[in-house]
Amino acid sequence: MGWLGRLFDTRDARVRMALLDLSGLCYLLVVPHPHVTPTVTQWILAVAAFAGALVTYRRPVANLVLQTALLAVAICLIDDLTINQVGASWALLEVTMLAGRARTISLAAGLLAVVDLADSIGDPLRQAASGVVGLGLEVGVPVLLGLVIRGNRELGRQVVERALAEQRRRESESRAARADERSAIARELHDVVAHHVASMVLRVGVARHVLTDLDPRVDEVFDDVHGTGTAALAELRRLVAVLRNPDGVRGDAALTAIEPSALPSALGAAVDRARQAGITVEADIDAAIGSLDAVRGLAVLRLTQEALTNVARHAGPSARAHLTVAVHDAAVHWEVTDDGGGVDSAPTTAVPAGGGHGITGMRERVEVLGGRLEAGPTGTGWRVRTVLPNTLPETAAATPVGSAPRAREAPAGSPTPEPA
């Protein structure tokens, strides 16, 4: 029934008229006429009805007027009115289906009824009664069928509108729920995390000014802690702003934290910070990482910071770590290994001990970019590595990826904020 329903669709009026004309031609050429063959006048009126239906298929009222006029002429000139009666009835059906006002339908039905009744003027009572019955078929059936099709079309439109309204309502509720969740997270970050970080930064700042004659190494540690805390506060504020009003922040704050060209110096700063914590770090950083896209560049930085923090936390300050960042065929190969601080017993669990979420967060960040994080024991230490494929559209770069010479260690720059 799908194709039959489409046949009465507004867009398929031309198809309906073509099928109607085809059936009329079949009536004239194929159906036998026992009393009289189609005359020239009948053919002329039929062809005029066929052509008029095709020409005025987009203007149903004009088609009705034309078909009714041809029917009036046929009543006066020929005996077989079938072609012109069917054409006028079908035109009335089209008007009933497509007219914008009920008054138009009434006027169209009245016009066709008047023309059809004109054929019964002067006929005997029995023949006139037969003409009235025929009028019900010629006028009543098209109007009734057109109203049914019109009602079904309106019902379908209402069903679609209700479905769309329900979909919009669900989307609105989902957005409201996500906004509430973001607001709750923003409140926790602001009221708990940011408060404590700000308190630590303030106390370190006070200690720097109150304590005098400190060992230069202690003073350097104070400066580093104060700078890192200040940067962490700035990132927290930016994150809280994004959570509270995502549309009010240009771009994604997580993706604009570092420019790709600044990645080598940022990695160098992360390595220096690990060394200040007492870890011996060897770094092999490919200079070609400066031409990476911002998304993978930031991922490499965050992975490095988290991995070196885990080395300091779980392997201890006496550990030796090795960082490798290389670009091969536009894919980033990243790896951090450590010796476990010289301890012979390596951990056997899938993640370092301590119950944190560092490895989980690293894995999620890598999987978003189409990679897979491998983390596990190696020898007496631990190894974390991944490959970040080039899943983003290629962009023109001044230096082709992988063509720059490798550097043993990136230069150290200004401290880069740790992840909040």
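Student: Which helix does Val-210 lie in?
Tutor: Val-210 belongs to helix H7, which covers residues 125-210. Keep in mind that you're looking at a predicted model.

Student: What makes Val-210 count as exposed?
Tutor: Its relative accessibility is 56%. The exposed label needs a value over 50%, so Val-210 gets it.

Student: Which residues make a nonpolar surface patch with Val-210?
Tutor: Its partners there are Leu-202, Val-206 and Leu-211, and the patch comes to about 370 Å².

Student: What about the whole surface: what area does the chain expose, and what share of it comes from carbon and sulfur atoms?
Tutor: About 24,000 Å² is exposed, and carbon and sulfur atoms supply 61% of that. As for the inside, 36% of the 420 residues count as buried.

Student: Why is Asn-84 called buried?
Tutor: Buried means under 20% relative accessible area. Asn-84 has 2%, so it counts as buried. You'll find Asn-84 in helix H5.

Student: Which residues is Asn-84 in contact with, leaving aside neighbours within four places in sequence?
Tutor: Once those neighbours are set aside, Asn-84 touches Leu-45, Ala-49, Leu-70, Leu-71, Ala-74 and Ile-78.

Student: What makes H5 as a whole largely enclosed?
Tutor: Count its buried residues: 12 of the 17 are buried, so H5 is largely enclosed by the rest of the structure. Asn-84 is on that list, and so are others, including Ile-83, Gly-87, Leu-92 and Met-97.

Student: How does the reach of H5 compare with what is expected?
Tutor: H5 runs over residues 82-98, and its first and last C-alpha atoms are 24 Å apart. At 1.5 Å a residue, 24 Å is expected, so the model is close to it.

Student: How many disulfides does the structure hold?
Tutor: Zero. To be called a disulfide, two cysteine sulfur atoms would have to be within 2.5 Å.

Student: Are Cys-26 and Cys-76 exposed or partly exposed?
Tutor: Take them one at a time. Cys-26 has 36% relative accessible area, so it is partly exposed. Cys-76 has 66%, so it counts as exposed, with the cut-off being over 50%.

Student: Why is the pairing of Arg-157 and Glu-154 called a salt bridge?
Tutor: Side chains of opposite charge can pair when their charged atoms come close. The nitrogen and oxygen must be within 4 Å, and in Arg-157 and Glu-154 the closest N and O atoms are 2.1 Å apart, so the pair qualifies.

Student: Where do Arg-157 and Glu-154 sit relative to each other in the helix?
Tutor: They're three residues apart in H7, so about one helical turn separates them. Arg-157 is partly exposed at 38%, and Glu-154 is partly exposed at 33%.

Student: What distance separates N and O in the salt bridge of Arg-169 and Glu-166?
Tutor: That distance is 2.2 Å, and the limit is 4 Å. Arg-169 and Glu-166 are three residues apart in helix H7, so they too have about one helical turn between them. Arg-169 has 38% relative accessible area and Glu-166 has 30%, and partly exposed is the word for each.

Student: Which residues are linked with Glu-166 in a network of salt bridges?
Tutor: The network joins Glu-166 to Arg-169, Arg-170 and Glu-173. Across the whole structure, a search finds 11 salt bridges.

Student: How do you know that Arg-385 and Glu-374 form a salt bridge?
Tutor: Same check: their side chains meet at 2.9 Å, N to O, and the cut-off is 4 Å. This pair links distant parts of the chain, with Arg-385 in strand E5 (residues 381-388) and Glu-374 in strand E4 (residues 374-378), 11 residues apart. Arg-385 is partly exposed at 31%, as is Glu-374 at 30%.

Student: How many helices and strands are there in the chain?
Tutor: It has 11 helices and six strands.

Student: What makes the phi of Asp-329 worth a look?
Tutor: Most residues other than glycine have a negative phi. Asp-329 isn't a glycine, yet its phi is positive, about 55°. Asp-329 sits in the loop between strands E2 (320-328) and E3 (331-338), and with 80% relative accessible area it is exposed. Ala-330, in the loop between E2 and E3, has a positive phi of about 70° and isn't a glycine either.

Technical notes:
Residues numbered from 1 in each chain as written. Heavy atoms only, no water. Helix = DSSP H or I, 4+ residues; strand = E, 2+ residues; numbered from the N terminus. Buried < 20%, exposed > 50% of the residue type's maximum accessible area, 1.4 Å probe, protein only. Patch = residues over 30% accessible without salt bridge, like charges linked within 9 Å, V, L, I, M, F, W, Y side chains within 5 Å. Areas by Shrake-Rupley, 256 points an atom, 1.4 Å probe, with all protein chains shown as cover. Contact = heavy atoms within 4.5 Å.
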